[in-house]
Every structure is written in C-alpha cells, then in structure tokens.
Amino acid sequence: MKTFYGTALPNPLMLGTAQYPSPAILEQAFRQSGAGVATVSLRREAGAGQTFWQMIRDLNVLVLPNTAGCHTVKEAVTTAHMAREVFDTKWIKLELIGHTDSLQPDVFQLVEAARILTEDGFEVFPYTTDDLIVGERLLSAGCQVLMPWGAPIGSGRGLNNEYALRAMRSEFPDVPLVIDAGIGLPSHAAHAMELGFDAVLLNTAVARAGDPAVMAKAMMQAIAAGQLAHQADPIEARDMAEPSTPVIGKAFLS
Amino acid sequence: MTVWSIIGAGVAGLAVASELVSRGAKVRVFDPGGHPGPHGCSWWAGGMLAPWCEYENAEEPVLRLGQTAIDWWAKRTQIHRRGTLVVANQRDLPDLRRFARRTDGFSEIDGKEISCLEPELHNFGRGLYFDAEAHLDPRQALLDLARQLQEDGVVFHKKRAPAQLDSAIDCRGLHARDHLTDLRGVKGEMLVIRCPDVTLTRPVRLLHPRMPLYIVPRGDGVYMLGATMVESEDSSRITARSMLELLSAAYALNPAFGEAEILEIGVDLRPAFPDNLPRIRRLGRTIFANGLYRHGYLLAPALAMGVADLALNNIHSEMVDEDRT
C-alpha cells in the first residue's frame, strides 16, 4: 500500500470539516466514516478559532490543514506556516484558486508555491487539475502526492474526465493519487477507487447532505467497495453477452 | 418570597426575567453594561422569527420550539407578520431546490408572484414564500422588555452580580464560559445600511453556498444585512471578504442598494454548544441558560419557559442538561 509521506492511512477517506450544521454533527460524521484524515481550513477561520481547532484535534485523526481561499503564492505560503504552528504538522493541502466561479486551481502559482513550501520542509498535498504535465512539474517541485480534481469544488458532479484521470493513474503508477473535489455521491467515490486512486477527499457531499453522518457512512462503505473491486481486478466491459455457462452441447428436449 | 437574580441583560436574560415575572415571580437583573446595548450580542441580531427557514440547517427543536416565539414576542413588542421570501440566483437554483426539500411551511412561487410580494425584486424567477414567519426589531424588543420589567418593579443593577447568590440565573452568553466549558463563540458579522431608494417589506434571504445571507427591513429605509458564520472567536473586526459578500448580496437583490449608506458594522460572537442548541444547566445553586447561537430571538422564549419551569416548578423540560456538579 502506498503511503503519504511515509504515513499509511487507516482508511482512504479524507474528510473536510467545513459547512456542517454543528460541531456535534461533524463529530458524528467522522465517527461514522472512520475517515483517516481531517482537512481543515485555516484561512476562513483565521483569528482565534482555538475552540474549533481543539475540536478538530479531539477527533483523533490525522489533520491536513489547507490553504482554501488563497489566491496568491504569498497568501498560501503564509497560511501554510500558520497551519504548521497551529496543528504541529508538516502536512499542507495546497490550494491556490485561479478562478472565482469554477474555483479552478491556478496551476502556475501552485507549482511555484509547492516548490517554496517543499524547500521549507513542508509535505505538500497539491490540489491540482488532471493535467499530466502539471502533475510532473509538481513532482519535480518536490511533491510526493498529487490530488487531481474530479470536478469543481462543491459541484457534486463526480469524475468529469475519466479518461484524463485514468491517464494520470497509469502515468504515475507509484505516486499516491487522491481524488479531491467534485464528489457528490458514494458511487462517485467508489468510481475513483475502482480506477485505482489511493484515496478520496471530500467535504460538501457529506457536510451538506440532509443527514451528514449517514452520508459519511455511505461514503466509507463505497470507498471500501471501490478499493476491494480494484484489488480484485474487475472484468473488462464488452459489447456482447458472454454466457456464464456454456451453451454448446446442452441437451435439447424439443 | 424568593427573588431571582438574573445575570445578564441580553435577550436570554430579559426573556427569562419577563417569563418569570409573567408567572408571578420576583426578579432583579444584574448587568455591568446596564440596559440593553451594543455590548451584548443580541443587539446585533437580525430579529427574524423564522423557524421554518432556520430548520433547513438546524435540528428539529429549532422548528418546533421556534414556533412558540412569534406569539410570545407579540405580547411584548411590535412584530411584523409578513413572512419570509427566499430567492436564489439562476446559477444557485440547485440550492433553492435543496432548501425546499429540507423544510416545509412554504409555497413555491415564480417571478411574477415574487414581484407581487416585493415589487422591487425583479431579478428572480423562482422563490419560496414562508407566509407564517415574522420579524421584529431586536433592539426595540430588548428595550421594550426592559421597560416593561421596570414598570413591573424589577430593579436593574448596573454592576456585576455578587459572587454567592442563592437563586441565580446566569444568562451571560459567552462570558459564562468560566463555568460552561463546552461553550464556544461563533463569529457573526453584519451591516446596517440606509437605502430609501429600495423598499422591501419583509426579510429576504439570498441563498449562498457558505452562509445564510439575508436582509431585514427595519423601517424608514434602514436595513440589516447579515450574517456571516465563522468558527472563530476573534470579534475585533469585520473582514473585507465578509463585507464584500454581504454588500454583494444586497446588490444582487437590487442594484439600487449600491447607493446605500453604511450606518453600522457589527461584529460579535454567538454563544453555542457543540450541537448549536440551547441548554439549561444547574450547577450548584445557579441555573445557567445559554447557547442560543444564531437563534436568540427565535429560541429565547422557549428557553425562558424552560428556565421558569425548572426554577418555579422543578419541571425538567427538554433543554435541561443532566444536573452537573
């Protein structure tokens, strides 16, 4: 099993901590999902959100702070440093937004920030597109994990470009790859795992579901199913039926 | 006869005092800030009595207990029974459908019906109308409660409550953290604007992916624009982003809001327990009533009734925590 900067995840689900109706429901969602990692935004909660941060620490899962809401390299680097202090971790999910409506990553700034942060000793989890060349540049910048989007953040559209994601998987067979963003349904998460991705990161699909804890459990089960299916080497799709029992040589009774 | 000492003259304290007095009890009020004013977070509230809208993102007690609020307040201050209008920009229509699925008490209306209700909202093709909801002016409501209490002989002490009180009811909001360790602050930011060019007669909510944005008419062209929800306990100032989002919401409702004057910027912390529901908790000889979160005016009446039930009749209503020592 691949590790994330040397850490094996107990469960390949990374769950966000934003937008839940209450901290109590957030906690239930984590308990139901068994998520191995909690992502947390520092920028939106900037200031003295000590109580909330303590609640995140009390979840007893690995914390992956993020730079959500940052639009420039400078903002992202500053936020990463703050995250390292608050959560005492080298991990940082690097998110650099390039477009207000699609929240699409600005991949040019992303590569630059990834290089700066890696040189600073951070272990960077870059939120990127499914572009192979950007992926290569991020790896050259020192990243050892890539997190391509399935679809725009919060859109719930699933895997928009399966072809590109398959290409990414086969181009980087040894790099831990996480589908980050765009998941709306458990079937989307299962799909990602069936393609051989190593983990799924999601937030809105659980936090904004009518019953976040139940949706968290559904995601966990789907991810486990998708992971098992990938390990089991699924059959290829075909155009014609393939009978599961032989038809030639059967006794005809007419 | 027992004299109940209410500590804190925000919406929780005054509602508790008013409920106790209405049941014949004797009370006095302690608050170093004196009468209601900007030192309390309920001064900065929206004043929407909107249990059905709030239920979209809250637990069931908010819907059920919140429905008692409208009649409770109507006996004590002026309320406006004009319903709530919920609209969304074209691109956010999935959010409007989601909102509709999560609650009830509304009718779905089209652009023409929206314009019938609010002639100056013409950018919206679909909306939800919650006709049983109401709103009030929160500052007027606090002042009315304080005035009525004084008329009933309640004394307001402009100082801290003495330490060892018998029969104390602590309604200090976030200040009660010294005893309520599971209480946290949730930052809220709001604006008061004046824009006589636009007439809206009821609260309008504009759906937004991250926060419930709303505008509440206060009369004479004055509007309250609220409110952000940030898991932060820094109440020192508003951020540029929050102000942009609040003003953009007003502008999206009607571009004439671009000419509005900004009268006030409010920033404060809402006291909240982990499930964002209020609690009544007895610790030693003090009853704590706290955690109204974003539902100060909506749930203060139910909280006050629960406190009165416990204090006067030892009835444990659903808001009462297990007694802790």
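Student: What separates the mean positions of the positive and negative charges of chain B?

Tutor: The mean positions of its 38 positive and 42 negative charges are 3 Å apart, where Lys and Arg count as positive and Asp and Glu as negative, His and the chain ends being left uncounted, and each charge is placed at NZ of Lys, CZ of Arg, CG of Asp or CD of Glu. This is a predicted model, in which local features need pLDDT of at least 70 and side-chain atom pairs count only at pLDDT 80 or more, while totals for chains, interfaces and linings use all residues. Residues are numbered from 1 along each chain as its sequence is written, chains are lettered from A and ligands numbered from 1 in the order in which they are written, and side-chain values use heavy atoms, without hydrogens and water.

Student: Why is chain B called as compact as a globular protein of its length?

Tutor: Chain B has nine helices and 17 strands (DSSP runs numbered from the N terminus: H or I of at least four residues for helices, E of at least two for strands). Its radius of gyration, taken over C-alpha atoms, is 20 Å, close to the 20 Å that the globule rule gives for 325 residues, so the description holds; the rule is 2.2 Å times the number of residues to the power 0.38.

Student: What makes a residue buried, and what percentage of chain B is buried?

Tutor: Buried means under 20% relative accessible area, exposed over 50% and partly exposed in between, with a 1.4 Å probe and protein chains only. Buried residues account for 60% of the 325 in chain B. In chain A, the share is 52% of 254 residues.

Student: How do you know that the span of helix H3 of chain A agrees with expectation?

Tutor: The expected span is 1.5 Å times one less than the number of residues. For the 15 residues of H3(A), 73-87, this gives 21 Å, and the end C-alpha atoms are 21 Å apart, so the two agree.

Student: Which residues of H3(A) are buried, and what do they pack against?

Tutor: The buried residues include Val73(A), Ala76(A), Val77(A), Ala80(A), Ala83(A) and Phe87(A). By contact (heavy atoms within 4.5 Å), the buried residues of H3(A) pack against elements of chain A that include strand S2 (37-41), helix H2 (50-58) and helix H4 (107-119). An α-helix has 3.6 residues a turn, so residues three or four places apart point the same way.

Student: What follows H3(A)?

Tutor: Asp88(A) follows H3(A), and its phi is positive, near 50°.
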